[in-house]
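Here are some exercises to work through with the coordinates open in your favourite viewer. Try each task yourself before you read its solution.

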Amino acid sequence: MESPSPYHYALTAFHLSFIINLVFSGQAVESPEYTLIHQQSDFEIRLYKDISWMSAPVLQATSFQKSTKAGFHRLYQYIHGANLNSTQLAMTAPVLTTITEAPHGSSFFVKMSLSAYYEGTPPQPNSELDLQLEKWRAKCIAIRKFSGFARDDNIGEEVEALGTSLNEHWNGTLENKSSYTIAQYNASNHLSGRFNEVWMAVSGFGAEGCSSHGSHDQGKY
């Protein structure tokens, strides 16, 4: 098989930039459905229904920003035809980066939810993309909103602030204290009015779907 030409890579970069701008510049896109369970001034608890995500693992990495960029590029290729049937899938929001910290190095998983149309049998991604299908059963998520750019040097303080708020105002349980997710809703060149969230899976809130630990199934194609 011939290697892609420089023109191919330039065209791919152009389309990537165009699609990001198109999706996150105010046009309606599909997002996972949720019910607001509890709200405080600085955090809220949402109950998300069952969701299927396509996930790009970036293992033993050190940079949130670089991992998000690398993982999203693979997801972009997938939704624009790098799959078994060359299917074009709709973009969804937000784009998640889940970080799991460990002594040997952090693991990053960049995710996009699949449109409800494809949740049951999504197109199989091309093997070189190294993507995983991750299925969430209904679960509760603690959310903290923050503005500006999500960067390596500021996401830690947002995660810590959410943990502090939960300790002060809520007596439930974090599913995994070493794992958290950053949800991003804007293109990188969107300079004002940026919107991000910290997500942490929680249980023990006393509402249906929150009273026990959620779970998910994950498998590589």
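Are W53 and W136 buried or exposed? W53 is buried, and W136 is buried as well. Keep in mind throughout that this is a predicted model.

**Exercise 1. Trace the aromatic rings around W136, and find which strands they connect.**

Solution.

Step 1. Start with the full search: the whole structure holds 7 aromatic pairs. One of them joins W53 and W136, with 5.1 Å centre to centre and 55° between the planes, and this pair is tilted.

Step 2. Place the two rings in the chain. W53 belongs to strand β3 (residues 51-61) and W136 to strand β6, so their pairing ties together parts that are 83 residues apart in sequence.

Step 3. Move on to the next ring. The centres of the W136 and W199 rings are 6.4 Å apart; a pair counts if the centres lie within 6.5 Å. Planes under 30 degrees apart would be stacked and those over 60 edge-to-face, so the 55° between W136 and W199 makes this pair tilted.

Step 4. Place this pair too: W136 is in strand β6 and W199 in strand β10, 63 residues apart. W136 and W199 are both buried.

Step 5. Put the rings together. Y34, Y48, W53, W136 and W199 make up one aromatic cluster. A charge joins the picture at W136, where K139 lies over the ring face at 4.4 Å from the ring centre.

**Exercise 2. Describe the surroundings of K111, starting from its accessibility.**

Solution.

Step 1. Locate the residue: K111 is part of strand β5 (residues 106-113).

Step 2. Apply the cut-off. Buried means under 20% relative accessible area, and K111 has 4%, so K111 counts as buried.

Step 3. Look for polar partners. The K111 side chain makes a polar contact with the side chain of T98 at 3.2 Å, and another with the side chain of E134 at 3.0 Å.

Step 4. Check the charges. Side chains of opposite charge can pair when their charged atoms come close. K111 and E134 do meet in a salt bridge, at 3.0 Å from N to O. K111 lies in strand β5 and E134 in strand β6 (residues 132-136), so this pair ties together parts 23 residues apart in sequence. Both K111 and E134 are buried.

Step 5. Widen the view. Leaving aside neighbours within four places in sequence, the contacts of K111 include W53 and W136, two members of the aromatic cluster from Exercise 1. Also among the contacts are M54, L75, P94 and V95.

**Exercise 3. Work through further charged pairs, and decide how exposed their members are.**

Solution.

Step 1. Note the total: the search of the whole structure finds 6 salt bridges.

Step 2. Take K145 and E44, whose side chains meet at 3.8 Å, N to O. The two sit 101 residues apart, K145 in strand β7 (residues 139-146) and E44 in strand β2 (residues 44-48).

Step 3. Assess both ends. K145 is partly exposed, with a relative accessible area of 45%, whereas E44 is buried at 6%.

Step 4. Repeat for D153 and R151, which form a salt bridge at 2.8 Å, N to O. D153 is exposed at 55%, while R151 is partly exposed at 34%.

Step 5. Look for shared partners. Salt bridges with partners in common join E44, R46, K145 and E197 into one network.

Step 6. Add a charge over a ring: the charged end of R194 sits over the ring of F149, 4.0 Å from its centre.

**Exercise 4. Explain why strand β9 is described as largely enclosed.**

Solution.

Step 1. Count the buried residues. In β9 (residues 179-184), 6 of the 6 are buried, so the strand is largely enclosed by the rest of the structure.

Step 2. Sort the side chains by direction. S179, T181 and A183 point one way, and Y180, I182 and Q184 point the other way; all are buried.

Step 3. Find the strand partners. β9 pairs with strand β4 (residues 95-100) in the antiparallel sense over 6 bridges, and 4 bridges join β9 to strand β10 (residues 196-203), also antiparallel.

Step 4. Follow one residue across. Q184 in β9 is the bridge partner of V95, and in β10 the bridge partner of Q184 is N196.

Definitions and conventions. Residues numbered from 1 in each chain as written. Predicted model: local features only at pLDDT ≥ 70, side-chain atom pairs only at ≥ 80, totals over all residues. Heavy atoms only, no water. Buried < 20%, exposed > 50% of the residue type's maximum accessible area, 1.4 Å probe, protein only. Pairing = 2+ DSSP bridges. Polar contact = N/O pair within 3.5 Å; in protein donor to acceptor, adjacent residues only side chain to side chain. Contact = heavy atoms within 4.5 Å. Salt bridge = Lys/Arg side-chain N within 4 Å of Asp/Glu carboxyl O. Phe/Tyr/Trp six-rings, centres within 6.5 Å; stacked < 30°, edge-to-face > 60°. Lys NZ or Arg CZ within 6 Å of the ring centre and 35° of its normal.
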